[in-house]
Amino acid sequence: MATHNFSALMKNRNDLMEKLVSLCKRRGYVFQSSEIYGGTGSVWDYGPLGVELKNNIKSLWWRSMVYERDDIEGLDAAILMNPAVWVASGHVEGFTDPLVECKNCHRRFRADIPEIQDGQCHVCGSREGFTEPRMFNLMFRTFMGPVEEDAAVVYLRPETAQGIYVNFHNVLTASRQRIPFGIAQVGKAFRNEITPGNFIFRTREFEQMEMQFFVEPGTDDEWLDYWGNQRMEWVKSLGVTASKLRFNEHGPDELAHYAKRAFDIEYELPFGWQEFEGIHNRTDFDLARHQEHSGKKLEYVDPVDRSKRYLPYIVETSAGADRTALIVLADAYREEAVEGEQRIVLGLHPRIAPLKAAIFPLVKKDGLPEIATRIHEEFKAAGINSFYDDSGSIGKRYRRQDEAGTPFGITVDGQTSEDGTVTLRDRDTLAQERIAADRIVAVIQERTR
Ligand code: GAP
């Protein structure tokens with residue numbers, strides 16, 4: 001009985017991921033990269049709605065980190081950096097995973113994944129066993145300039161953080177900040193993961209939203225707790241179900257080489273509790289290493305008491321934009337019966353929904369399309385992403401937008417030409433109200449902010 005329930009549970013979990021992947025393709029959220037050539041291993045493209053969702057997540061993050069605070073500055077460092085950076089950071093030597101190879105099919109796996117612990121290859125089924133683990137560096141390498149030689153090797157950055165550390169003094173001087181202060185950055189990172197998977201959860205190309213907060217040593221523990229709480233509140237502000245979120249503090253064996261204390265923020269995805277953001281106390285590890293390797297002084301001199309000099313400690317908040325997109329999508333997906341009909345809804349918070357409103361003329365005559373088009377133009381002028389749809393029954397049009405996650409439907413009907421009002425339908429409550437057509441843009445603006 002227990003086994004049966006467990007199988008049912010696993011099936012439901014897989015079903016949900018399959019349904020989500022299928023909806024993401026159907027509605028234009030996420031496509032497999034280079035699909036017409038059979039795809040590229042664990043690389044994904046964001047479609048028309050997906051790019052809007054991810055942009056909304058990134059701009060809300062930027063707003064909360066940079067615009068709403070006086071103590072954080074923005075940065076956009078390059079992906080390619082001097083390779084010495086990655087020697088100093090420890091990535092050339094230590095950014096590795098243990099790798100084994102199936103002796104039969106020669107597929108390679110991370111040595112620590114549960115699927116191979118019984119000695120059987122879960123791909124070909126062979127029990128011939130695996131090779132001894134060898135360390136595999138996760139950084140992508142390429143060459144700078146026309147000659148492909150060791151001296152020309154550069155790396156695609158595996159994290160955005162290092163671009164911030166090497167710019168610490170530039171930003172400090174240019175912005176005239178004082179400690180404590182932070183530097184925020186959003187950008188691509190690349191890791192040649194041995195066992196990527198679970199859709200956009202673990203990929204080889206992804207985006208990070210990282211903020212490094214520079215503090216006086218001794219105040220670091222307090223700041224770590226502060227930032228943990230801030231970040232948890234931010235995720236909740238995206239509408240994510242609070243009971244599916246938790247902190248997970250790293251034990252002594254789990255701590256990264258640079259961290260004194262760290263915890264993840266996790267979400268309960270269909271395949272278990274998973275990290276989507278890490279909060280780390282990195283101490284002065286990074287600045288000390290860059291100071292040593294570059295030979296440049298990276299100390300902070302207190303502007304009031306100039307005899308007070310120190311290497312700041314760093315509290316890092318490091319979130320994945322793609323993982324955040326995955327958790328909001330998984331959290332928003334639901335199926336329900338409405339008036340005896342089954343519907344699929346992506347109940348995304350209006351703040352992150354790709355389309356804020358869809359505009360429907362009830363029929364294609366009596367001047368209704370002209371009024372609906374005018375309203376659509378007003379949305380464009382206000383910079384609000386809206387969608388015009390006059391094809392199919394009104395029920396079908398609502399269902400399409402429910403699946404796409406659009407929070408509001410605006411219908412222009414017979415009454416509109418009589419009293420100048422439109423029907424506003426709420427995706428979640430299905431409540432319908434009449435709103436003056438000339439106020440509709442302001443109402444949607446108010447309800448999606
Ligand atoms: N600078 C610290 C750092 O990079 P990390 O825990 O390795 O820490 C931080 O990564 C976040 O980046 C993760 O919580 C996750 O959201 C995202 N991330 C890391 N590897 C990823 C991958 N292969 N695919 C998608 N997102 C990834």
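A residue is taken to be near the ligand if one of its heavy atoms lies within 4 Å of the ligand. In this predicted model, the shell so defined holds 20 residues, of which Glu 159, Glu 193, Glu 210, Glu 275 and Glu 316 come nearest. By class, the shell around the ligand is made up of 10 charged residues, together with 5 polar and 5 nonpolar ones. In terms of secondary structure, at least two residues of the shell are supplied by each of strand S10 (205–215), strand S13 (272–283) and strand S16 (313–320), and the most are given by S13, with 5 residues.

Several polar atoms of the protein can be placed relative to individual ligand atoms. A nitrogen atom of the ligand is found 2.8 Å from a polar side-chain atom of Glu 193, whereas the backbone is the partner in the case of Phe 276, with one of its N or O atoms 2.9 Å from an oxygen atom of the ligand. The backbone also takes part at Gly 320, a polar atom of which lies 3.0 Å from an oxygen atom of the ligand. Of the 550 Å² that the ligand exposes when taken alone, 92% is buried by the protein.

Empty space within and at the protein was examined next. The search of the whole structure returned 1 cavity of 30 Å³ or more, and the space in the largest cavity comes to about 40 Å³. The lining of the largest cavity is formed by Phe 360, Tyr 398, Gln 401, Asp 402, Thr 406, Pro 407, Phe 408, Gly 409, Arg 425 and Arg 427. Two elements, helix H11 (394–404) and strand S21 (408–412), are those that give two or more residues to this lining, and H11 gives the most, with 3 residues. When sorted by class, the residues that line the largest cavity comprise 4 nonpolar, 3 polar and 3 charged.

The second largest pocket, by contrast with the cavity an open region, holds about 350 Å³ of space. It is lined by 13 residues, and those closest to the centre of the pocket are Arg 63, Arg 351, Lys 356, Thr 448 and Arg 449. Helix H2 (residues 48–67) accounts for the largest share of the lining of this pocket, 4 residues. The division of the lining by class is 6 polar, 4 charged and 3 nonpolar residues.

Aromatic side chains were also considered, and the count comes to 14 aromatic pairs. One of the pairs is formed by Phe 213 and Trp 223, whose ring centres are 4.6 Å apart; since planes under 30 degrees apart count as stacked and those over 60 as edge-to-face, the angle of 50 degrees between the two ring planes means that this pair is classed as tilted. The pair links distant parts of the chain, 10 residues apart, with Phe 213 placed in strand S10 and Trp 223 in helix H7 (residues 220–236). Strand S10 is thus named both here and among the elements that supply the shell around the ligand.

Finally, the backbone was inspected for particular torsion angles. The peptide bond that leads from Ile 179 to Pro 180 is cis, its omega being near 10 degrees, and Pro 180 is located in the loop between helix H6 (168–175) and strand S9 (181–190). A positive phi, near 65 degrees, is found for His 106, a residue other than glycine, and His 106 belongs to the loop between strand S4 (96–101) and strand S5 (108–110). Glu 339, which is not a glycine either, has a positive phi of about 45 degrees and is situated in the loop between strand S17 (333–338) and strand S18 (341–346).

Terms used
Residues are numbered from 1 along each chain as its sequence is written. This is a predicted model: local features need pLDDT of at least 70, side-chain atom pairs count only at pLDDT 80 or more; totals for chains, interfaces and linings use all residues. Side-chain values use heavy atoms; hydrogens and water are left out. On a 1 Å grid over the protein atoms alone, a cavity is a set of points where a 1.4 Å probe fits but cannot get out, and a pocket is an open set with protein on both sides within 12 Å along at least five of seven lines; lining residues have an atom within 4 Å of a point. Grid points are joined across faces, edges and corners, and a volume is the space filled by probe spheres set on the points. Ala, Val, Leu, Ile, Met, Phe, Trp, Tyr, Cys and Pro count as nonpolar, Asp, Glu, Lys and Arg as charged, and the others, Gly among them, as polar. A polar contact is a pair of N or O atoms within 3.5 Å; within protein, one must be able to donate a hydrogen and the other to accept it, and residues adjacent in sequence count only if both atoms are side-chain atoms. Accessible areas come from the Shrake-Rupley method with a 1.4 Å probe; for residues, only the protein chains shown count as cover. Rings of Phe, Tyr and Trp (its six-membered ring) pair if their centres lie within 6.5 Å; planes under 30 degrees apart count as stacked, over 60 as edge-to-face and the rest as tilted.
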